[in-house]
Amino acid sequence: MPSRPVSPHLSVYKFKYTLLSSILNRAASLALSVGLIALTYWLLAVADGARAQAQAQVWLATPVMKLFLAGLVLAFCYHLVAGIRHLVWDTGRGLERAAAQRSAWAVGAVSILLTLVLGYCLFRCGHAP
Amino acid sequence: MAEFRLPANSRIVKGITHAAPAGARELRQVRIYRFTPDSGENPRVDTFGLDLASCGPMVLDALIQLKATVDSSLTFRRSCREGICGSCAMNINGVNRLACTTSMKELSGDIKIYPLPHMPVVKDLVPDLTNFYAQYAAVKPWLRTRTPAPPDRERLQSKEEQERIDRPAACILCACCSTACPSYWWNSDRFLGPAALLAAYRWIIDSRDEATGERLDELEDPFRLYRCHTIMNCTDVCPKDLNPARAIAEIKKMMVERQI
């Protein structure tokens with residue numbers, strides 16, 4: 001028997017809210033794992049004394065790192081809100097087609113809102129006297 | 001294992017373009033996945049010009065017309081043409097659905113038809129469903145009892161008990177849901193997939209079935225049941241409006257409930 005080809009999947013399947021919300025949650029968790037490296041670095045620097053901490057502060061305050069940290073905050077918020085959506089699902093609720101579609105967009109909107117609030121708080125902290 | 005790229009023998013090459021019928025009034029391009037096992041060639045996507053004015057309204061009508069008038073080797077499964085046999089499930093414009101209940105009017109742009117995703121292809125739009133059926137059989141989709149049947153009548157159910165299984169029992173096994181599920185794409189060798197799990201649920205909640213514990217035991221497995229990550233593609237595509245995702249969530253709930 002000749003070997004059968006595998007029919008196309010990712011390349012043809014429509015990228016709907018289902019796939020989007022699922023892959024974003026995975027991407028957010030991956031980003032958070034990478035973010036742990038930055039957090040570890042910062043904790044090590046703090047433990048290493050005032051000079052190392054001051055050095056870390058300078059490096060973490062560069063525009064590129066700030067952007068990275070902002071992304072981390074967004075990833076954290078998205079993962080948190082999407083996790084709550086999964087908890088609700090685990091109780092057997094919100095699994096209707098229309099409800100799942102609504103909650104997919106709601107997770108996006110709430111996590112962006114949360115990011116703005118959290119980002120503002122962090123920004124204010126950075127400029128506290 | 002997740003393998004995102006198609007293997008070498010599965011990559012799509014340039015296909016043939018069939019000329020549109022002369023004097024077509026309402027021309028629509030139809031792109032169809034083609035594969036012939038005897039040719040030794042890779043799959044390709046052929047383009048057909050179709051005159052909607054002289055064709056029935058459904059995607060299945062288009063396939064039948066093209067097979068009858070342009071290329072008789074075009075191969076696909078079909079039977080009832082009214083959404084109850086589940087034979088003509090395929091990926092149409094990126095979503096799994098039944099060709100017979102999909103109106104061409106509700107599709108925008110060219111009509112793109114592929115076999116159900118991530119399945120071994122027998123020919124053209126015909127996937128090999130052996131594994132899919134084996135998984136259905138694996139959940140033992142029949143009444144399992146210990147007590148002897150009443151000698152003078154059937155095993156009776158209340159109206160409410162029947163209504164609980166009414167929806168899940170309406171599954172036509174078209175495989176739209178399972179082959180829409182990325183978890184199933186990457187792990188179909190070990191994950192049962194939404195269709196088989198919906199069937200499992202249908203027997204678990206059947207008031208006459210007496211093997212609920214065994215059924216749950218058989219599903220208690222990191223892959224068989226728990227590869228479901230609630231992506232929701234199954235419920236999103238089901239042409240019968242069933243809800244495999246909720247059935248799976250209910251099974252997961254029962255798994256927890258029986259331990260506390």
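1. The residue to begin with is B:Asp124, which is buried, its relative accessible area being 0%. In this predicted model, B:Asp124 nevertheless has a charged partner, since a salt bridge joins B:Asp124 to B:Lys123, with 3.9 Å between the closest N and O atoms. Given that the cut-off for such a pair is 4 Å, I would note the figure of 3.9 Å when describing this pair. The two residues also belong to a network of salt bridges, in which B:Lys123 and B:Asp124 are linked with B:Arg34, B:Arg44, B:Asp46 and B:Asp71.

2. On confidence, chain B has an average pLDDT of 96, and 100% of its residues reach a score of at least 70. For the complex, the predictor reports an ipTM of 0.92 together with a pTM of 0.93.

3. A second charged pair within chain B deserves mention, namely B:Asp209 and B:Arg215, whose side chains form a salt bridge with an N to O distance of 2.8 Å. B:Asp209 counts as buried because its relative accessible area is 6%, and B:Arg215 counts as buried because its relative accessibility is 3%, the limit for that class being under 20%. Over all chains, the structure holds 22 salt bridges.

4. Turning to the interface, 27 residues of chain A are in contact with 46 residues of chain B. About 3,200 Å² is buried between chain A and chain B, and carbon and sulfur atoms give 59% of that area. On the side of chain A, the residues that lose the most area to chain B are A:Pro5, A:Tyr13 and A:Arg97, which together account for 23% of what that side buries.

5. The polar side of the same interface can be described in similar terms, with 17 residue pairs in polar contact across chain A and chain B, both residues of each pair being at pLDDT 80 or more. Helices α1 (17-47), α3 (63-90) and α4 (97-126) of chain A each supply at least two residues of the side that touches chain B. Of the elements of chain A, α1(A) gives the most to that side, with five residues.

6. Four salt bridges are found across the interface of chain A and chain B. In one salt bridge between these chains, B:Asp128 is paired with A:Arg4, and their closest N and O atoms are 2.8 Å apart. Another salt bridge is that of A:Glu96 with B:Arg246, for which the closest N and O atoms are 2.2 Å apart. This pair crosses between chains, from A:Glu96 in the loop between α3 and α4 of chain A to B:Arg246 in helix α8 (residues 244-257) of chain B. Both partners keep some accessible area, for A:Glu96 is partly exposed at 39% relative accessibility, and B:Arg246 is partly exposed with a relative accessible area of 34%.

7. Strand β4 (residues 89-92) of chain B has B:Ala89 and B:Asn91 pointing one way and B:Met90 and B:Ile92 pointing the other way, and all of these residues are buried. The strand β4(B) runs antiparallel to β5 (residues 95-98) of chain B, to which four bridges join it, and also antiparallel to β6 (residues 111-114) of chain B, with two bridges. B:Ile92 has a place in both pairings, standing opposite B:Val95 in β5(B) and opposite B:Ile113 in β6(B). The hairpin of β4(B) and β5(B) has two residues between the strands, and in this hairpin B:Asn93 takes a positive phi near 45 degrees.

8. Two further residues of chain B should be checked for their backbone angles. Most residues other than glycine have a negative phi. B:Lys140, which is not a glycine, has a positive phi of about 50 degrees, and B:Thr230, also not a glycine, has a positive phi of about 50 degrees. B:Lys140 lies in the loop between α2 (130-138) and α3 of chain B and is partly exposed, with a relative accessible area of 30%. B:Thr230, in contrast, is buried at 11% relative accessibility, and its place is in the loop between α6 (212-219) and α7 (233-237) of chain B.

9. Finally, B:Thr179 lies in the loop between α3 (159-166) and α4 (182-187) of chain B and counts as buried, with 1% relative accessibility. Apart from neighbours within four places in sequence, the residues in contact with B:Thr179 are B:Asn96, B:Leu116, B:Pro117, B:Met119, B:Tyr184 and B:Trp185.

Conventions:
Residues are numbered from 1 along each chain as its sequence is written. Chains are lettered from A and ligands numbered from 1 in the order in which they are written. Side-chain values use heavy atoms; hydrogens and water are left out. pLDDT is the predictor's confidence in each residue, from 0 to 100. Buried means under 20% relative accessible area, exposed over 50%, partly exposed in between (1.4 Å probe, protein chains only). Two strands pair if DSSP finds at least two bridges between them. Contact means heavy atoms within 4.5 Å. Buried area is the accessible area (1.4 Å probe) that two parts lose on being put together, summed over both. A polar contact is a pair of N or O atoms within 3.5 Å; within protein, one must be able to donate a hydrogen and the other to accept it, and residues adjacent in sequence count only if both atoms are side-chain atoms.
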